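Got your viewer open? Let's take a walk through this one together, one selection at a time.

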Amino acid sequence: MKPETLLYPTPKGLYCEKGGFYIDPVQPVEKALITHGHADHARAGHTHVLATQETLDIMRIRYGDAFCVSSQAAVLGARTGIGDITASFHPAGHVLGSAQIAVEANGTRIVVSGDYKRRRDPTCAAFEPVPCDVFITEATFGLPVFHHPDDRGEVAKLLTSLRQFPERAHIIGAYALGKAQRIIALLREAGYDQPIYIHGALARLCDYYEERGIGLGDIRPATQDVQDRQSFAGAVVIGPPAAFADKWARRFPDPVAIFASGWMLVRQRAKQRGVELPMIISDHCDWTELTETIREINPAQVWVTHGREEALVRWCELEGIAARPLHLVGYDDEGE
Ligand SMILES: [Zn+2]
């Protein structure tokens, strides 16, 4: 079967006509397969949703019980028949519950990787390469200039700053799903055993990670009524990026503004956000990881969904792999 007829882009998202389902649709549909819980991939309002148990739980936490009419949990590695199609979910290493989705019919297999990374992450299962005819990849950091340093070095920068400025609160902006918990887990691995204070928007997701056996240590709410202002001196406080714009961030004593994102390797972006200590920690692949993953999987074709498509398409062509951009809309490569 021609891969273009098995799965193709539509304004609602990637569509599998034979199975009657969309993958990560950006508008409400009858049948949706969801790769992971980030808001641009997992939206409320579909009738039926197939996703990993963690992704379903995360959607329930974010949108409430009525996020869909019915749901089915996909077990990693298990094959599910949908009409004449077989679908299977495989770890993507992006955030807790994240999965690549393999779609198969008549001997043709397409893997939709969703968002993924190759670095070790103590908070989720590692990416598994799945042999396929077509590998669909994002290209958030799809330029050769993008190279993410070792996470441990970035965490060490934070620990150094805490020692240097024991009187200042260290306020870290980190996305509520995945990044925040990963930073906490990395700090714990580095031996940091002090309480870590979190913004209310992170509470339920952090609790959920704990429930799934991902230890985050002593986590406390960063609420002013519980603590007096000075008690945050020298403390690590984590909040979602949006909280930095409002008065929440101003309650802390002489804060060190920190932001944890792959984009922090672009100095201009750190400056624009008023970030004093950029931590380059990404839940996406950098250029080397994107290209090494494609070499490892060695598919006949690569389709590129969003990000910097052109450079990656060109690289594939030079490697002798047919490639094309899909120009999917509705996915946010800034919200990383
Ligand atoms: Zn994502």
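## Stop one: a histidine in a loop

Before you click anything, keep in mind that this is a predicted model. Start by selecting His41, which you'll find in the loop between strand E4 (31-33) and E5. Is His41 buried or exposed? His41 counts as buried because 23 other C-beta atoms lie within 10 Å, and the cut-off for that is 20 or more.

Now show what His41 touches: leaving out residues up to four places away in sequence, the contacts are Asp24, Ile34, Thr35, His36 and Gly114. Keep Gly114 selected. Along the chain, Gly114 and His41 are 73 residues apart, while their C-alpha atoms are separated by 8.3 Å.

## Stop two: helix H2

Next, select residues 53-63, helix H2. Colour Glu54, Thr55, Leu56, Asp57, Ile58 and Met59: these residues of H2 are buried. What covers them? The cover includes strand E5 (46-52), strand E6 (68-74) and helix H5 (203-211), so switch those on too. Then step just past the end of H2 to Gly64, where phi is positive, at about 90°.

## Stop three: a seven-strand sheet

Time for a sheet. Follow its 7 strands in the order E7-E8-E9-E10-E11-E18-E19; the sheet is open and its pairing is mixed. At the edges sit strand E7 (79-82) and strand E19 (322-325), each of which pairs on one side only. On average, neighbouring strands here are turned by 25° against each other, ignoring direction.

Zoom in on strand E9 (residues 99-105) and strand E10 (residues 108-112), an antiparallel pair with 5 bridges. To see one position in that pairing, pick Ala105 and look opposite, to Thr108 in E10.

Now add helix H8, residues 309-318. H8 lies across strand E11 (134-139), strand E18 (301-307) and E19, and runs at about 170° to E19.

## Stop four: strand E16 and its partners

Last, select strand E16, residues 256-260. How many of its residues are buried? The count is 4 of 5, so E16 is mostly covered.

E16 has a parallel partner in strand E12 (residues 170-173), joined over 4 bridges, with Gly173 standing opposite Phe259 in E16. Strand E17 (residues 277-279) also pairs with E16 in the parallel sense, over 3 bridges, and there Ala260 faces Met279. Finish by adding helix H6 (residues 267-272): together, E16, H6 and E17 make a right-handed β-α-β unit.

Definitions and conventions. Residues numbered from 1 in each chain as written. Predicted model: local features only at pLDDT ≥ 70, side-chain atom pairs only at ≥ 80, totals over all residues. Buried ≥ 20, exposed ≤ 12 C-beta atoms within 10 Å, placed from the backbone. Helix = DSSP H or I, 4+ residues; strand = E, 2+ residues; numbered from the N terminus. Contact = placed C-beta atoms within 7 Å. Pairing = 2+ DSSP bridges. Axes fitted to C-alpha atoms, helices over the stretch in contact; angles between N-to-C directions. Right-handed = clockwise from strand over helix to strand, strands pointing away.
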